[in-house]
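Work through the following exercises with the sequence and the model side by side. Each task sentence is followed by a solution that proceeds step by step.

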Amino acid sequence: SRRHSVNRPPTPDVRDDDDDRPKKPSLLEIVNIKLIESGEKERLMELVRERLVECGWKDEMGALCRAVVKKNGRENVTVDDLVRAITPKGRASIPDSVKAELLQRIQTFLVSVAH
Amino acid sequence: MFVVDLILQLSSDIYRDILDSIIVDVASESHRIARLGLDRNLDLEDEELRLSVEARARASDPSHSGEANGKYVVDIFGQSHPAIANEIFDCMNCGRSIMAGRFAPHLEKCMGKGRKARLKATRSTTAAQNRYTRGSPLSTQTPYSNSTSMNRSSNGSSAIAGDDYSNGNLEEP
């Protein structure tokens, strides 16, 4: 049988008593919604993508992916395989300037919505 | 918890979230390229080398039916065409009878190198150049009718007589 490239987590079962109690969103969820609705999340992601292309990070990740594809075989590789393969190195090799810029933008946004 | 701590914690979470999303995007893109076989074209030179080797192998393969049969190549309908198209027609420039396969080089000579053809060409291009330059003292008159846009570009500096033009709209005072 064909392996699915993108493994989605199973849809959580809806329990009956949950329908009666309203769920309280966490602060992070509230902030995330504001982030997305304001368009800031998309802007931030575009900015970071651009920075990561400029500094060669994306190419490095691409090379890592090609190595995985070569090892596993083109038809057998899944998106999960690639994500697992590049996440540690990907997180670690973000240039400090990019990290600082992104954090600063996020913090500015948080301060602005806190009012 | 102070607000500052809260902001630091939240920003760290959001940072991690954004980064992970980008990593998934990159992995997804690489996955697509790998599954579609698009990474085979990444190195252009190697790809061209590979294609030429394959083409050569195909050409020299004797078991290949229908390709090169002596002089003529056979197409998928089994028709054969000569290497040089041999339909004959008349050149619309000079009126001579020309073979289709020889038409392009003929046109090059016919429109470029022939004595009369060359004179005709240079007369019309130099006339056009003179119309466009400002302050040109030359008054060149050509038998070709002029559009008003050309008149506007030469700011009344070229002394073009209005006689030869079908529309005598000279806007200069």
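A contact means heavy atoms within 4.5 Å of each other. The model is predicted, local features need pLDDT of at least 70, side-chain atom pairs count only at pLDDT 80 or more, and totals for chains, interfaces and linings use all residues. Side-chain values use heavy atoms, with hydrogens and water left out.

**Exercise 1.** Determine what share of the contacts in chain B between residues at least 6 apart in sequence join residues at least 24 apart.

Solution. Among these contacts in chain B, 3% join residues at least 24 apart. Next, the secondary structure, with helices (H or I, at least four residues) and strands (E, at least two) taken as DSSP runs numbered from the N terminus, comes to five helices and five strands in chain B, and along the sequence they follow the pattern α-α-β-β-β-β-β-α-α-α.

**Exercise 2.** Find which residues of α3(A) are buried, that is, under 20% relative accessible area with a 1.4 Å probe and protein chains only.

Solution. The buried residues are A:Glu40, A:Lys41, A:Leu44, A:Met45, A:Leu47, A:Val48 and A:Leu52. Because they cover an arc of only 160 degrees around the axis, taken from the directions from the helix axis to the C-beta atoms, they lie on the same side of α3(A). Finally, these residues pack against α2, α4 and α6 of chain A together with α1 of chain B.

**Exercise 3.** State which residues B:Ile18 touches, not counting residues up to four places away in sequence.

Solution. B:Ile18 touches A:Lys41, A:Leu44, A:Met45, A:Leu102 and A:Ile106.

Terms used: Residues numbered from 1 in each chain as written. Chains lettered and ligands numbered in written order. Buried < 20%, exposed > 50% of the residue type's maximum accessible area, 1.4 Å probe, protein only.
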